[in-house]
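Subject: Model handover and notes

Hello,

Here is the model we talked about passing on. Please open it alongside this email.

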Amino acid sequence: MTEVWNERFPFSPFPVGWFQVGYSHELAVGESRPVQAFNKHMVLYRGQSGKPYLLDAYCPHLGAHLGHGGTVEGESIRCPFHAWRYDCTGVCDEVPYASRIPANARIKPWLILERNGIIMVHHDPTGAAPTHEPPVLPEYQNPEWTEYRTRTYRIKTHNMEMAENSVDAPHFKFLHKTMTATCTDARIDGHVFRTHCDVKVDLSRWGMGDDSMDGSIDVETHGFGFSVVRLHLAAEVITIATVTPVDGEWVDARFAFAVKKFEDPAMTEFIGNQVVDDIQKQVEEDQRIWENKIFIDKPILCDGDGPIGLYRKWARQFLPVYRGDSSQAA
Ligand code: FES
Ligand SMILES: [Fe+2]
């Protein structure tokens with residue numbers, strides 16, 4: 001397939017890393033569904049053992065898409081068109097009306113991992129193996145925390161812009177009008193970018209009176225595809241934000257929220273609703289910016305900005321193809 005390029009950005013739309021292709025709860029045993037990522041079409045299915053698999057979508061026989069009507073048998077998937085069957089490594093293991101299976105009847109399998117209730121695929125345009133995995137989150141399936149509430153958005157932007165949002169401290173006040181954030185720590189920890197921000201939140205945004213409240217936010221960004229935001233305020237809230245490049249122009253942004261339970265379930269429910277509504281509002285506010293802005297390779301920053309320069313330095317490791325300014329490509 002020819003290389004896809006988006007003229008809005010001086011780097012490839014498809015970074016290296018782990019990217020979400022679905023939530024665990026969306027894929028029951030024996031189910032299959034279509035997925036699009038990195039400008040490729042794929043089929044995601046869950047075998048009878050409970051393990052998920054991801055293969056390229058198109059059957060090499062006559063081109064049917066296995067994610068539209070493919071049926072799962074054991075750990076294999078059968079094409080809906082003429083019933084050729086492929087095992088979980090993509091090798092055709094049965095053609096019901098042939099005496100010999102063509103040797104090249106095989107489909108590319110993708111490396112995936114299911115963790116924290118999220119199914120993720122590894123992407124590296126060179127085919128290199130992953131150098132890290134997404135972390136195990138202690139809040140997931142923890143009885144002290146609620147289950148996820150999830151929201152998904154398709155946005156015309158790049159992973160680079162979305163991940164930069166969390167280090168862009170002043171925009172929380174001026175765009176979202178929700179809080180004043182001061183980043184007191186930001187550091188590169190290999191493939192992880194960590195920030196700690198002190199925040200002053202306007203509680204009216206959450207329908208909790210006119211006061212403001214002090215708290216903090218810790219963000220760990222594990223590559224471009226997976227970040228974890230922990231908000232410490234009147235409530236403890238975790239947001240797992242994932243961004244998957246779809247086709248070079250659009251990304252799928254998914255948010256899963258959980259709240260540390262209060263003794264009063266009604267309070268837990270209330271906080272959960274407020275947080276989801278608030279993030280939804282923020283995404284809509286950000287979306288309008290993201291879809292219409294340009295990417296400035298060498299922005300003019302001031303001393304009140306967050307650690308955007310450090311973030312971009314960290315980000316470079318996931319963008320091996322950077323055709324912008326040659327002085328920055330080293
Ligand atoms: S196209 Fe899949 S079996 Fe024919
Ligand atoms: Fe934002």
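My notes on the model follow, from overall confidence down to single strands.

Confidence first. This is a predicted model. Mean pLDDT over the chain is 93, and 97% of the residues reach 70 or more. The exception to flag is residues 325-330, where pLDDT is below 50. Beyond near neighbours in sequence, that stretch has five contacts in the model.

Next, the domains. There are two: domain 1 covers 17-123, and domain 2 covers 149-316. Their centres, taken over C-alpha atoms, lie 33 Å apart. Contact between them involves 13 residues of domain 1 and 13 residues of domain 2. Which elements give two or more residues to the domain 1 side? They are β1 (17-23), β2 (32-37) and β11 (118-123). β1 gives the most, with six residues. By class, the domain 1 side has eight nonpolar and five polar residues, and no charged ones.

β2 also belongs to a sheet. This is an open sheet of four strands, ordered β2-β3-β4-β9, with antiparallel pairing. β2 and β9 (109-110) are the edge strands. Each has a single partner strand, so one side of each has no neighbour in the sheet. The β4-β9 pairing is antiparallel and rests on two bridges. L55 has P109 in β9 as its bridge partner.

Between β3 (40-46) and β4 (52-56) runs a loop that holds S49. Is S49 buried or exposed? It is exposed, because just 10 other C-beta atoms lie within 10 Å, and the cut-off for exposed is 12 or fewer. S49 and R85 are 36 residues apart along the chain, and their C-alpha atoms are separated by 17 Å.

Now the run of strands β13, β14 and β15. Strand β13 (residues 179-189) and β14 are antiparallel and joined by 10 bridges. D185 stands opposite H196 in β14. The two strands form a hairpin with two residues between them. G190, in the turn, has a positive phi of about 65 degrees. β14 also pairs with strand β15 (residues 212-222), again in the antiparallel sense, over 11 bridges. There T195 stands opposite V219 in β15.

β14 (residues 192-202) is worth a look for its side chains, which alternate along the strand. F193, T195, C197, V199 and V201 point to one face and are buried. V192, R194, H196, D198, K200 and D202 point to the other face and are not buried. The general rule applies: in a regular strand, side chains alternate between the two faces of the sheet. So T195, the residue opposite V219, is on the buried face. H196, the residue opposite D185, is on the other.

Last, helix α3 (residues 265-292). How does its span compare with what is expected? At 1.5 Å a residue, its 28 residues should span 40 Å, and the end C-alpha atoms are 41 Å apart, so the two agree. The buried residues of α3 are I271, V275 and D286. They pack against β17 (236-245) and β18 (251-259).

Over to you.

Best wishes

Key: Residues are numbered from 1 along each chain as its sequence is written. Chains are lettered from A and ligands numbered from 1 in the order in which they are written. This is a predicted model: local features need pLDDT of at least 70, side-chain atom pairs count only at pLDDT 80 or more; totals for chains, interfaces and linings use all residues. pLDDT is the predictor's confidence in each residue, from 0 to 100. Two residues are in contact if their C-beta atoms, placed from the backbone, lie within 7 Å. Domain bounds come from an automatic or database domain assignment. Ala, Val, Leu, Ile, Met, Phe, Trp, Tyr, Cys and Pro count as nonpolar, Asp, Glu, Lys and Arg as charged, and the others, Gly among them, as polar. A residue is buried if 20 or more other C-beta atoms lie within 10 Å of its own, exposed if 12 or fewer, and partly exposed in between; C-beta atoms are placed from the backbone. Two strands pair if DSSP finds at least two bridges between them. The expected span of a helix is 1.5 Å times one less than its number of residues.
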